[in-house]
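Thanks for making time this morning. I would like to walk you through one model, slowly, with the terms explained as they come up.

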Amino acid sequence: MKDTALVVVDMLYDFIDGTMACGHAEEAVAESLRFIDKMTSEKLQGPEVIQPRFPILFVCDHHPADHCSFAAQGGPWPPHCVQGTRGAEVHDALKPYVSEEFTFYKGYRSDKEQYSGFEGINEAGQSLWDVLDMMEIRRVYVCGIATEYCVRQTSEDLKSHGFEVVVLRDALGWVDGKGHEEALAAMEAEGIRLA
Ligand code: VGL
Ligand code: ZN
């Protein structure tokens, strides 16, 4: 399991209970926590020291207030995940697992939509890809919101760059239930595993 990581996509308040509240979002958070629990080894000595057996990386939509994907700019979405707001924050239950080096921001430029977390960038300027590559990760589990957009695009980019990708189907939230099912079928046909 040394070469395995978890990528948590956009488990942010605006997609959970905010301006873009998605289907199955709360359940997806709970299921992600169950998976993390299962995968984290020896909770070393101190009770508050969480020692994951595998890295947990977070992809975060991180828009400026005038982002091109917002309706006011002619985009398809209501304002969401605006930098500095609660809506852009990772769900509290997952926060103990968040670290700066493993937090990758996307969609931070006004003029650029970015569904995939693959080229998301951390504070140090490293991309998700850089960091997975550096850690010699081969297999990536993916959970998050929304199946049809950021989860799918991130998973497809990982797959096309040679990673073994396993999408945790019970740990997903969606914009549209039918779109979610279609996205799952499409990913499976592309060789992405569902678990
Ligand atoms: C997403 C729509 C707009 C997502 C992000 O995380 O799937 N969807 N921005
Ligand atoms: Zn967005």
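Let me begin with a definition: a charge sits over a ring if NZ of Lys or CZ of Arg is within 6 Å of the ring centre and within 35 degrees of the ring normal. That is the case for Arg-86, whose charged end sits over the ring of Tyr-13, 3.9 Å from the ring's centre.

Before going on, please keep in mind that this is a predicted model, in which local features need pLDDT of at least 70 and side-chain atom pairs count only at pLDDT 80 or more, while totals for chains, interfaces and linings use all residues. Residues are numbered from 1 along each chain as its sequence is written, chains are lettered from A and ligands numbered from 1 in the order in which they are written, and side-chain values use heavy atoms, with hydrogens and water left out.

Which residues are the protein donors of the zinc ion (ligand 2)? They are Asp-61 (OD), His-63 (NE2) and His-80 (NE2), at 2.0 to 2.2 Å from the ion, where a donor is an N, O or S atom within 2.8 Å of the metal (3.2 Å for Na, K and Ca), and sites may look incomplete since water is not among the atoms. Along the sequence, these donor residues follow the spacing D-x1-H-x16-H. Both His-63 and His-80 are buried, meaning under 20% relative accessible area, with exposed over 50% and partly exposed in between (1.4 Å probe, protein chains only).

Leu-94, at 0% relative accessibility, likewise counts as buried. Leaving aside neighbours within four places in sequence, Leu-94 is in contact (heavy atoms within 4.5 Å) with Val-8, Met-11, Val-29, Leu-33, Ile-36 and Phe-58.
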